[in-house]
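Colleague: I've got the model open and would like to go through it with you, one question at a time. Can you take me through how you read it?

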Amino acid sequence: MTIPTQLVLEVLLAEPERERYGLEIGDAAELRSGTVHPILVRLEGVGWLQSRWEDIDPRAEGRPPRRYYRLTADGARAAQAALARAHRPSLARRLRPQLGET
């Protein structure tokens, strides 16, 4: 399991009953949309997630509808087990200095 997938699952497992949209998940996991959305599609494909489109009027809201994701009960159990087994070679991604820091 890749580190980005692990980060996405950690975000979702923090509040497994809560629906979150892709950008929100990416921000919490510190990952870009182009990384997060393929992970979400893959996890939904194996039944770990369910999703739904937000029912809004895009003109009234001034933005397109969001797709919300939530772990299924089986997905939450599978994610917890997978993370427990996952190999995390380094915490370097989270520990490396941010730009401008020394």
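**Talking through the fold**

Colleague: Let's start with strand S3, residues 67-71: is it largely enclosed or not, and how many of its 5 residues are buried?

Modeller: Bear in mind that this is a predicted model. Strand S3 is largely enclosed by the rest of the structure, because most of it is hidden: of its 5 residues, the buried ones number 4.

Colleague: Which strands sit at the edges of the sheet?

Modeller: The sheet is open, with 3 strands in the order S1-S3-S2 and antiparallel pairing. Each edge strand pairs on one side only, and these are S1 and S2.

Colleague: How many bridges join S2 to S3?

Modeller: On one side of S3, strand S1 (residues 20-21) runs antiparallel to it and is joined by 2 bridges; there, Arg20 stands opposite Tyr69. Strand S2 (residues 49-53) is antiparallel to S3 too, and Trp53 stands opposite Arg67 in that pairing. The bridges joining S2 to S3 number 5.

Colleague: Which helix packs on that sheet, and what angle does its direction make with that of S2?

Modeller: The sheet has 3 strands, in the order S1-S3-S2. Helix H3 (residues 33-45) packs on it and touches S2 and S3, and the angle between the directions of H3 and S2 is about 115°.

Colleague: Zooming out, what pattern does the protein chain follow along the sequence?

Modeller: The secondary structure comes to 6 helices and 3 strands. Of the 102 residues in the chain, 33% count as buried. Reading along the sequence, you get α-β-α-α-β-α-β-α-α.

Colleague: And among contacts with a separation of 6 or more, what share comes from residues 24 or more positions apart?

Modeller: Gly22 and Arg66 give you a pair to look at: they are 44 residues apart in sequence, yet their C-alpha atoms are 8.0 Å apart in space. For the protein chain, residues 24 or more positions apart account for this share of the contacts with a separation of 6 or more: 56%.

Colleague: Staying with Gly22, is it buried or exposed?

Modeller: Gly22 is found in helix H2. Leaving out residues up to four places away in sequence, Gly22 touches Val36, His37, Leu40, Arg67 and Tyr69. The cut-off for burial is under 20% relative accessible area, so at 4% Gly22 counts as buried.

Colleague: Which residues of H2 are buried?

Modeller: Helix H2 covers residues 22-29, and we've just met Gly22, at 4% relative accessibility. The full set of buried residues in H2 is Gly22, Glu24, Ile25, Gly26 and Ala29.

Colleague: How do H1 and H2 lie relative to each other: roughly parallel or roughly perpendicular?

Modeller: The axes of H1 (residues 3-14) and H2 come within 9 Å and cross at roughly 110°. Angles of 65 to 115 degrees count as roughly perpendicular, and therefore H1 and H2 are roughly perpendicular.

Colleague: What classes of residue make the contact of H1 with H2?

Modeller: H1 and H2 have axes that come within 9 Å. H1 brings Leu7, Val8, Val11 and Leu12, while H2 brings Ile25, Ala28 and Ala29. By class, there are no polar and no charged residues in the contact, and 7 that are nonpolar.

Colleague: Which element gives the largest share of the largest nonpolar core?

Modeller: That core has 20 residues, and those with the most contacts inside it include Val8, Leu12 and Ile25. Two or more residues each come from H1, H2, H3, S3 and H5. The largest share is 6 residues, from H1.

Colleague: What does Val8 touch, not counting residues up to four places away in sequence?

Modeller: Val8 is among the residues with the most contacts inside the largest nonpolar core. Its partners are Ile25, Ala29, Leu31, Val36, Ile39, Leu40 and Leu43.

Colleague: What is the phi of Glu30, and where does this residue lie?

Modeller: Glu30 comes just after H2 and is exposed, with a relative accessible area of 57%. Its phi is near 60°, a positive value in a residue other than glycine. Glu30 lies in the loop between H2 and H3.

Colleague: Last one: is Thr72 buried or exposed?

Modeller: Thr72 has its place in the loop between S3 and helix H5. Leaving aside neighbours within four places in sequence, Thr72 is in contact with Gly47, Trp48, Leu49 and Gln50. With a relative accessible area of 15%, Thr72 is buried.

Key. Residues are numbered from 1 along each chain as its sequence is written. This is a predicted model: local features need pLDDT of at least 70, side-chain atom pairs count only at pLDDT 80 or more; totals for chains, interfaces and linings use all residues. Side-chain values use heavy atoms; hydrogens and water are left out. Buried means under 20% relative accessible area, exposed over 50%, partly exposed in between (1.4 Å probe, protein chains only). Two strands pair if DSSP finds at least two bridges between them. Contact means heavy atoms within 4.5 Å. Axes are lines fitted to C-alpha atoms, for helices over the stretch in contact, and angles run from 0 to 180 degrees between N-to-C directions. Angles under 35 degrees count as roughly parallel, over 145 as roughly antiparallel, 65 to 115 as roughly perpendicular and the rest as oblique. Ala, Val, Leu, Ile, Met, Phe, Trp, Tyr, Cys and Pro count as nonpolar, Asp, Glu, Lys and Arg as charged, and the others, Gly among them, as polar. A nonpolar core is a set of buried Ala, Val, Leu, Ile, Met, Phe, Trp, Tyr and Cys residues joined through side-chain atoms within 4.5 Å.
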